[in-house]
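Dear colleague,

I am passing on the structure we spoke about, placed just below together with its sequence. My notes on what was found follow it, and I would be glad if you read them with the model open beside you.

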Amino acid sequence: RGQLPLILTGPTGSGKSLLAREHIHRRSGRSGDFVAVDLSTLPESLMAAHLFGVVKGEYTGATANREGVIERAKGGTLFLDEIGNLSLELQKSLLLVLQDHTYRPVGSVEEHSSDVKLVVATNEDLGLMVREGRFREDLLMRLNPATAVRLPSLRDRKDDFEDLLGYFLRRVCAHGYNKDLLDQYARRHGLSREESGIGVAVVTQKSGAVQDGRLTFLLHKSSAALLRD
């Protein structure tokens with residue numbers, strides 16, 4: 001809870017962003033938004049502006065003041081994936097956010113206050129990066145590596161596949177075209193509708209598994225077996 005930072009480690013695809021959004025943020029008690037940034041996708045020249053914001057006229061194309069993700073996540077959770085891609089200079093700026101709860105947008109002389117719960121993720125060994133001079137030791141200590149959470153790879157968590165499949169099906173069916181399509185189907189067939197959208201269940205055999213009046217995705221039991229193999 002509160003503003004204590006957290007490090008998530010583990011292989012790519014192990015579910016670090018899902019854990020950050022669905023468990024850490026939702027249980028943090030914070031009222032602001034969850035804002036996620038994959039640092040591996042940002043050009044280094046734009047990373048500072050994306051994180052801290054930029055003032056009008058600082059560079060070509062900056063036609064207005066623009067807030068960064070630290071401002072957008074105010075009162076909420078900021079998830080920085082692939083934290084190892086952050087340059088040493090920006091690591092120092094991020095350290096100030098954790099130490100003093102302040103930052104400066106690019107081109108500004110004014111300090112802004114920050115109020116974010118910082119969750120960072122990496123598939124690299126940050127301790128090794130410190131020894132190689134690629135990551136600041138003081139930032140690593142401030143991120144509190146003693147409470148880092150390591151996620152095993154999915155190949156080591158095969159019992160989770162069925163639950164994950166159910167989660168992603170419900171997520172896909174809750175928005176956009178798929179939601180509209182399923183809403184129409186539900187009205188036509190008199191199926192139940194929940195506050196979060198159509199009720200979706202994933203079952204692996206038909207006998208006794210389908211609930212009356214509830215939209216159900218039926219998977220053959222051999223499909224679930226394939227997921228666990």
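There are two aromatic pairs in the structure, which, please bear in mind, is a predicted model. One of these pairs is formed by F34 and F79, whose rings are stacked, with 6.2 Å from centre to centre and 20° between the planes. The pair links distant parts of the chain, since F34 belongs to strand β2 (residues 34-38) and F79 to strand β3, with the two positions 45 residues apart. Both partners, F34 as well as F79, are buried.

Helix α4 deserves a longer look. This helix covers residues 88-100, 13 residues in total, and from its first C-alpha to its last it reaches 18 Å, close to the 18 Å expected at 1.5 Å a residue. Its buried residues are L90, Q91, L94, L95, V97 and L98. Seen down the axis of α4, these buried residues fall within an arc of 155°, and therefore they line one face of the helix. As for what lies over them, the cover includes the helices α2, α3 and α6 (137-142), together with the strands β3 (77-81), β4 (102-103) and β6 (117-122).

Of these neighbours, α2 can be described in further detail, as its axis and that of α4 come within 11 Å and cross at roughly 10°. Because angles under 35 degrees count as roughly parallel, α2 is roughly parallel to α4. On the side of α2 the contact is made by M47, A48 and F52, while α4 contributes L90, S93, L94 and V97.

Two residues on either side of α4 have a backbone angle that you may wish to inspect. Most residues other than glycine have a negative phi. In E82, however, which sits in the loop between β3 and α4, phi is positive, near 55°, and a positive phi near 55° is also found in H101, the residue that follows α4 and lies in the loop between α4 and β4. Are these two residues buried or exposed, or something in between? E82 has a relative accessible area of 13% and is therefore buried, whereas H101, at 34% relative accessibility, counts as partly exposed.

Finally, I would draw your attention to G53 and R72. G53 is placed in the loop between α2 (44-52) and α3 (69-72), and it counts as buried because its relative accessible area is 0%. Leaving aside residues up to four places away in sequence, G53 touches A48, R66, E67, G68, P105 and V106. Of these, V106 is 53 residues apart from G53 in sequence, yet the C-alpha atoms of the two are 6.1 Å apart in space.

R72, for its part, is found in helix α3 and is partly exposed, with a relative accessible area of 42%. With residues up to four places away in sequence again set aside, R72 touches D33, V35 and E67. Between the C-alpha atoms of R72 and G53 the separation is 9.8 Å, the two residues being 19 residues apart along the chain.

With best regards

Notes
Residues numbered from 1 in each chain as written. Predicted model: local features only at pLDDT ≥ 70, side-chain atom pairs only at ≥ 80, totals over all residues. Heavy atoms only, no water. Helix = DSSP H or I, 4+ residues; strand = E, 2+ residues; numbered from the N terminus. Buried < 20%, exposed > 50% of the residue type's maximum accessible area, 1.4 Å probe, protein only. Contact = heavy atoms within 4.5 Å. Expected span 1.5 Å × (residues − 1). Arc of directions from axis to C-beta. Phe/Tyr/Trp six-rings, centres within 6.5 Å; stacked < 30°, edge-to-face > 60°. Axes fitted to C-alpha atoms, helices over the stretch in contact; angles between N-to-C directions. Parallel < 35°, antiparallel > 145°, perpendicular 65-115°, else oblique.
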